[in-house]
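The following exercises are to be worked with the sequence and the three-dimensional structure at hand. Each sets a task and then gives a solution in steps.

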Amino acid sequence: MLKPVDIQNKEFEKKLKGYDCDAVDDFLDIVIQDYDALCKENAALRDKIKLLNETVDHYKDAEDTIQRSLDVATQSARDIKDNANMEAEAIINRAKLDATRLARQIDDEHIKKHQEMLKIKQEVDTYRARIKTVCENLIKAVDDI
């Protein structure tokens with residue numbers, strides 16, 4: 001690539017019917033200034049492109065890190081949900097077993113109370129029969145007098 005110094009140091013042969021040297025030198029000075037400005041701008045733009053590429057790379061790395069974190073969080077959420085579901089099922093199963101055991105206890109107590117009631121009813125019937133027999137014997141004894 002041509003440098004501004006190369007333009008400035010360039011010498012041309014002088015010929016008889018050539019261009020006006022002062023006009024050419026003035027024009028070359030303008031070209032050198034513009035070319036120098038373009039070279040500086042080009043270098044600045046290359047630096048800016050490099051910086052922007054580094055920034056893009058940084059954000060890509062950050063995006064990858066965030067994606068990995070999101071994947072880990074998603075898996076953790078699934079694990080927590082699965083554990084919660086398993087725990088809920090275990091609680092429900094324990095509750096069903098407790099309910100079955102409680103129902104069995106209630107049934108056993110009901111049967112026991114029913115048997116006690118039948119026993120008491122039988123005792124009442126036995127006492128009634130004895131009282132009736134005693135009363136009949138008393139009536140007979142009174143009739144015999």
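**Exercise 1. Classify E116 by its solvent accessibility, and state how far E116 lies from V142 in sequence and in space.**

Solution. In this predicted model, the relative accessible area of E116 is 37%. A residue is buried under 20% and exposed over 50%, so a value of 37% makes E116 partly exposed. E116 belongs to helix α2. Along the sequence, E116 and V142 are 26 residues apart. From C-alpha to C-alpha, E116 and V142 are 38 Å apart in space.

**Exercise 2. Determine the accessibility class of H110 and of E89, and give one C-alpha separation for each.**

Solution. Begin with H110, a residue of helix α2. Its relative accessible area of 55% is over the 50% limit, so H110 is exposed. The C-alpha atoms of H110 and E87 are separated by 34 Å, with their positions 23 residues apart along the chain.

Next take E89, which also has its place in helix α2. At a relative accessible area of 51%, E89 is exposed, because the class begins over 50%. E89 and I7 are 86 Å apart, C-alpha to C-alpha, at a sequence separation of 82 residues.

**Exercise 3. Describe the overall form of the protein chain from its secondary structure, radius of gyration and principal spans.**

Solution. First, count the elements: the protein chain has 2 helices and 0 strands. Second, compare the radius of gyration with the globule rule: the value is 57 Å, well over the 15 Å that the rule gives for 145 residues, so the chain is more spread out than a compact globule. Third, consider the C-alpha trace, which spans about 190 × 20 × 15 Å along the principal axes. Finally, examine burial: of the 145 residues in the protein chain, 3% are buried.

**Exercise 4. Find the salt bridges, place each pair within its helix, and classify the partners by accessibility.**

Solution. A search of the whole structure yields 3 salt bridges. They may be taken in sequence.

1. K40 pairs with D36, and their closest N and O atoms are 3.3 Å apart. This distance is within the 4 Å cut-off, so the pair qualifies. Both residues lie in helix α2 (residues 21-144), 4 residues apart, which is about one turn of the helix. K40 is exposed, at 56% relative accessible area, whereas D36 is partly exposed, at 28%.

2. D98 and R101 form a salt bridge with an N to O distance of 2.5 Å. Both are in helix α2, 3 residues apart, about one turn of the helix. D98, with a relative accessible area of 42%, is partly exposed; R101, at 43%, is partly exposed.

3. D125 and R128 meet through their side chains at 3.8 Å, N to O. The 4 Å limit admits this pair, so it is counted as a salt bridge. D125 and R128 are 3 residues apart in helix α2, so about one helical turn separates them. D125 is partly exposed at 38%, while R128 is exposed at 56%.

**Exercise 5. Characterise the largest pocket by volume, lining residues and contributing elements.**

Solution. The largest pocket has a volume of about 450 Å³. Its lining comprises 16 residues, and F12, C21, V24, D25 and L28 lie nearest the centre of the pocket. Next, assign the lining to elements: α1 (4-9) and α2 each supply at least two residues. The greatest contribution is that of α2, with 6 residues. By class, the lining holds 7 nonpolar, 2 polar and 7 charged residues.

**Exercise 6. How many disulfides are counted, and what are the accessibility classes of C39 and C135?**

Solution. The test for a disulfide is a pair of cysteine sulfur atoms within 2.5 Å. By this rule, the count is 0 disulfides. Turning to accessibility, C39 has a value of 22%, and C39 is therefore partly exposed. C135 is partly exposed, with a relative accessible area of 38%.

Methods
Residues are numbered from 1 along each chain as its sequence is written. This is a predicted model: local features need pLDDT of at least 70, side-chain atom pairs count only at pLDDT 80 or more; totals for chains, interfaces and linings use all residues. Side-chain values use heavy atoms; hydrogens and water are left out. Buried means under 20% relative accessible area, exposed over 50%, partly exposed in between (1.4 Å probe, protein chains only). On a 1 Å grid over the protein atoms alone, a cavity is a set of points where a 1.4 Å probe fits but cannot get out, and a pocket is an open set with protein on both sides within 12 Å along at least five of seven lines; lining residues have an atom within 4 Å of a point. Grid points are joined across faces, edges and corners, and a volume is the space filled by probe spheres set on the points. Ala, Val, Leu, Ile, Met, Phe, Trp, Tyr, Cys and Pro count as nonpolar, Asp, Glu, Lys and Arg as charged, and the others, Gly among them, as polar. The radius of gyration is taken over C-alpha atoms; the globule rule is 2.2 Å times the number of residues to the power 0.38.
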